[in-house]
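Reader: I would like a close look at a single part of this model. Please take one helix and walk me through its surroundings.

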Amino acid sequence: MGPGGALDALIEAKEEGLVRFLGVKGHNWTIASMHKCSLRRFDFDSVLLPCNYLMLKKARYQDDFELLLAVCEERNVALQTIKSIARGPWATHERDRKTWDQPLEDQEDIDRAVSYVLGIPGVFLNTVGDINLLPRVLDAASRFRSRPSDEEMEAMLEGQKMTSIFGI
């Protein structure tokens with residue numbers, strides 16, 4: 001974001017009409033806070049960050065996420081979420097998906113995880129990068145009615161032995 005850096009090149013591309021929107025992304029426990037800093041430095045059109053029950057269960061991440069969401073709503077910035085169906089790192093299963101992390105596989109679990117994120121007003125849910133899981137995520141999103149309870153999410157978390165994809 002410094003002078004002559006990537007952001008200057010992106011601003012130039014936008015001014016030339018090569019791109020319409022500029023966004024910033026990140027993947028870790030501090031990214032919600034970092035995105036708030038990024039939005040203070042530049043008027044991005046969107047931010048992208050992980051969001052799932054396990055992450056929002058951590059008070060600090062949830063607080064930072066909610067503060068970021070408020071800033072995004074105030075400034076009309078799209079808040080895009082990823083990792084809604086992340087089960088944990090590839091540690092207990094052979095890597096057989098085109099995803100960075102091991103995903104939930106069961107449709108009921110995918111339904112719960114997707115509904116949990118879609119139940120947050122003002123956020124966008126980005127789909128999963130595995131073409132074989134994509135129909136399951138889209139199906140879950142098309143049937144979204146309400147956000148599952150914390151009790152339902154806790155039962156899934158324990159039943160699936162979900163762990164942080166970021167090591168904490």
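Author: Start with a crossing: α2 passes α4 in a left-handed sense. Keep in mind that the model is predicted. Two packed helices are described by the angle between their axes and the distance between the axes. Here α2 covers residues 31–41 and α4 covers residues 59–75. Their packing angle is about 30°, and the axes lie 8 Å apart. Angles under 35 degrees count as roughly parallel, so α2 is roughly parallel to α4.

Now the residues. On the α2 side, the contact is made by Ile31, Ala32, Ser33, His35, Lys36, Leu39 and Arg40. On the α4 side, Tyr61, Asp64, Phe65, Leu67, Leu68, Val71, Cys72 and Arg75 take part. By class, the residues of this contact between α2 and α4 divide into 9 nonpolar, 2 polar and 4 charged.

The helix α2 also meets strands. It lies across β1 and β2. Relative to β2, α2 runs at about 170°. Strand β2 spans residues 46–50. It pairs with β1 in the parallel sense, over 3 bridges. One bridge joins Val24 to its partner Val47 in β2.

Step back to the sheet. Strands of a sheet pair through backbone hydrogen bonds, either parallel or antiparallel. This one is an open sheet of 4 strands, with parallel pairing. The order is β1-β2-β3-β6. At the edges sit β1 (23–25) and β6 (123–125), each pairing on one side only. From one strand to the next, the twist averages 25°.

Note on methods:
Residues numbered from 1 in each chain as written. Predicted model: local features only at pLDDT ≥ 70, side-chain atom pairs only at ≥ 80, totals over all residues. Heavy atoms only, no water. Axes fitted to C-alpha atoms, helices over the stretch in contact; angles between N-to-C directions. Helix = DSSP H or I, 4+ residues; strand = E, 2+ residues; numbered from the N terminus. Parallel < 35°, antiparallel > 145°, perpendicular 65-115°, else oblique. Left-handed = near helix turned anticlockwise from the far one by under 90°. Contact = heavy atoms within 4.5 Å. Nonpolar A, V, L, I, M, F, W, Y, C, P; charged D, E, K, R; others polar. Pairing = 2+ DSSP bridges.
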